[in-house]
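Work through the exercises below with the model open. Try each task before reading its solution.

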Amino acid sequence: MMPAIEPDLPARAGDALWRALVDSVPYYVALVSTEGRLIYLNHTKGANPPSVYTGRQVTDLVPIPAQRAAEILSQALATPGPEELEIPITVDGNTRWFRLLLNGIRDREGQPLGVLVVGQDVTEQ
């Protein structure tokens with residue numbers, strides 16, 4: 001018989017639990033601010049570590065116009081549930097296609113905090 005999961009474990013583990021979860025999945029997990037700045041990225045496909053990309057504007061990393069990026073973020077924040085899209089991203093000079101799921105994140109008062117992005121490389125599919 002498996003022991004019961006302690007209900008306060010997520011609160012006690014905090015950031016360590018978040019990192020363990022997102023660092024162990026094979027998908028790309030990112031957190032983007034409401035202004036379109038990359039706050040967190042769990043791993044990359046190229047030679048550069050995630051820290052090279054954090055703090056930069058998404059439009060510096062993904063070949064889409066700033067207006068379109070703002071629309072995508074606004075839509076993800078305004079819509080309950082995930083928004084899905086496929087976009088090309090160039091990594092180390094090679095263009096790959098990624099399927100992205102975007103979920104708006106809000107605080108307890110309902111104010112937007114950012115967008116959680118989960119991505120999968122679908123180039124070979």
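**Exercise 1: strand E1 and its partners**

Five of the six residues of E1 are buried, so this strand is largely enclosed by the rest of the structure. Buried means under 20% relative accessible area, exposed over 50%, partly exposed in between (1.4 Å probe, protein chains only). Strands (E, at least two residues) and helices (H or I, at least four) are DSSP runs, numbered from the N terminus. The model is predicted: local features need pLDDT of at least 70, side-chain atom pairs count only at pLDDT 80 or more, and totals for chains, interfaces and linings use all residues. Residues are numbered from 1 along each chain as its sequence is written, and side-chain values use heavy atoms, leaving out hydrogens and water.

Task: find the strands that pair with E1.

Solution. Pairing requires at least two DSSP bridges between two strands.
1. E5 pairs with E1 in the antiparallel sense, over six bridges. Ala30 has Val117 in E5 as its bridge partner.
2. E2 also runs antiparallel to E1, joined by three bridges. Here Val32 stands opposite Leu38.

**Exercise 2: the turn at Gly36**

Task: place Gly36 and decide whether Gly36 is buried or exposed.

Solution.
1. Gly36 lies in the loop between E1 (28-33) and E2 (38-41).
2. The two strands form a hairpin with four residues between them, and Gly36 in the turn has a positive phi of about 90°.
3. Gly36 counts as buried because its relative accessibility is 6%.
4. Contacts (heavy atoms within 4.5 Å) link Gly36 to Arg56, Gln57, Val58 and Leu73, not counting residues up to four places away in sequence.
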